[in-house]
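I opened this model to look up its overall make-up, its charged pairs and its backbone exceptions. The entries below follow the order in which I looked.

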Amino acid sequence: MKTNSNTLYIQKLISEGEHIHQDFKFAISDARKIAKSLSAFANTEGGRLLVGVKDNGKIAGVRSEEEIYMVEAAATLYCRPEIELETHIYHIEGKDVLEVQINESTQKPIYALDENNHPWAYVRIKDENILANPIHLNIWKHDREEKKVIITYTQREQQVLTILKQQGALTLGQCSKLTRMNRKQISRLLADFIRFGLIEQYFEEHTFYFRLKDGE
């Protein structure tokens, strides 16, 4: 791994702050926690970690090569399937900053293993890593199997769209309750509606909501 001294490049990245494509890590002490970030970036639009940078943008520097090894361990040991990373070290202000680039995966979902080796998939929303919901999993499953979405407007489908039109926005639980469908059934249907462009999901106050897309 080569060491670069492109100060302007790193300073520009830091000036952007944390966002959907970028996360700062002051230090790495747990490879499993890093796996969550890798999962979130890989399942969304890709992004980068800047290791050795505090949340406020101040450069603290990578403390040891062990942190680099832990990032690699997160990608190979605690991500399922494994993901490939691109890493660069930049020598800035007498300190080293590690840039870890993660590409969007073509094999979604990428899972992160917890302390019990249970797999969890994450998505990146603004500057947070959020646990993926059943809708994400259904969308990824259909995309992976390359299934075509065919919407037939039976009474059940029309009922869901009518309820969303009346209510404005609903959580998954509310959709299940109002339609009297179990969570597995409504999750599949909402995923199909999203893929077909009829509804959208958005994240607000730590909760996913579903609503009709504008014009529907």
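**Entry 1: overall make-up**

I began with the secondary structure and found seven helices and 11 strands in the protein. I note at the outset that this is a predicted model, and I read every entry with that in mind.

I then looked up the extent of the chain: the C-alpha atoms fill a box of roughly 65 × 30 × 30 Å, taken along the principal axes. Of the 216 residues in the protein, buried ones make up 44%. The exposed surface comes to about 12,200 Å², and carbon and sulfur atoms supply 46% of that area.

For the contacts, I took those between residues at least 6 apart in sequence, and 65% of them join residues at least 24 apart. To see how two distant positions sit, I looked up Asp-214 and Ile-20, which are 194 residues apart in sequence and 24 Å apart in space, C-alpha to C-alpha. Asp-214 is in the segment after β11, and at 77% relative accessibility Asp-214 counts as exposed.

**Entry 2: charges and salt bridges**

I looked up the charged side chains and found 29 positive and 31 negative, with the centres of the two sets lying 7 Å apart. How many salt bridges does the protein have? The count comes to nine, and I went through several of them.

The side chains of Asp-143 and Arg-195 meet in a salt bridge, at 3.0 Å from N to O. Asp-143 lies in helix α4 (residues 134–145) and Arg-195 in helix α7 (residues 183–195), so this pair ties together parts that are 52 residues apart in sequence. Both ends are partly exposed, Asp-143 with a relative accessible area of 40% and Arg-195 with one of 27%.

The side chains of Arg-211 and Glu-200 also meet in a salt bridge, at 2.8 Å from N to O. Here the partners are in strands, Arg-211 in β11 (residues 207–212) and Glu-200 in β10 (residues 199–204), so the pair ties together parts that are 11 residues apart in sequence. Arg-211 is partly exposed, with a relative accessible area of 31%, and Glu-200 counts as partly exposed at 26% relative accessibility.

I next asked of the salt bridge between Glu-67 and Arg-63, at 3.9 Å from N to O, whether each partner is buried or exposed. Glu-67 is buried, with a relative accessible area of 1%, whereas Arg-63 counts as exposed at 59% relative accessibility.

Last in this entry, I noted that Asp-23, Lys-25 and Arg-124 are linked in a network of salt bridges.

**Entry 3: the surroundings of Glu-99**

I looked up Glu-99 because it is a charged residue that is buried, with a relative accessible area of 1%. Glu-99 sits in strand β6 (residues 95–102). What does the side chain of Glu-99 make a polar contact with? The partner is the side chain of Arg-48, at 3.5 Å.

Leaving aside the neighbours within four places in sequence, I listed the residues in contact with Glu-99: Tyr-9, Leu-13, Arg-48, Leu-49, Leu-50, Glu-86, Thr-87, His-88 and Tyr-90. Arg-48, the polar partner, thus appears again in this list of contacts.

**Entry 4: backbone exceptions**

Before checking the loops, I reminded myself that most residues other than glycine have a negative phi, and most peptide bonds are trans.

Which peptide bonds did I note as cis? The bond from Arg-80 to Pro-81 is cis, with omega near -10°, and Pro-81 is found in the loop between β4 (79–80) and β5 (85–92). A cis bond also joins Lys-108 and Pro-109, with omega about 5°, and Pro-109 lies in the loop between β6 and β7 (111–113).

I then turned to phi. Asn-117 has a positive phi near 60° although the residue is not a glycine. Asn-117 is placed in the loop between β7 and β8 (119–125) and counts as partly exposed at 47% relative accessibility.

Lys-126, likewise not a glycine, has a positive phi of about 55°. Lys-126 is in the loop between β8 and β9 (128–131), and at 65% relative accessibility Lys-126 counts as exposed.

Definitions and conventions
Residues numbered from 1 in each chain as written. Predicted model: local features only at pLDDT ≥ 70, side-chain atom pairs only at ≥ 80, totals over all residues. Heavy atoms only, no water. Salt bridge = Lys/Arg side-chain N within 4 Å of Asp/Glu carboxyl O. Buried < 20%, exposed > 50% of the residue type's maximum accessible area, 1.4 Å probe, protein only. Helix = DSSP H or I, 4+ residues; strand = E, 2+ residues; numbered from the N terminus. Polar contact = N/O pair within 3.5 Å; in protein donor to acceptor, adjacent residues only side chain to side chain. Contact = heavy atoms within 4.5 Å. Areas by Shrake-Rupley, 256 points an atom, 1.4 Å probe, with all protein chains shown as cover. Lys, Arg positive; Asp, Glu negative; His and termini not counted. Charge placed at Lys NZ, Arg CZ, Asp CG, Glu CD.
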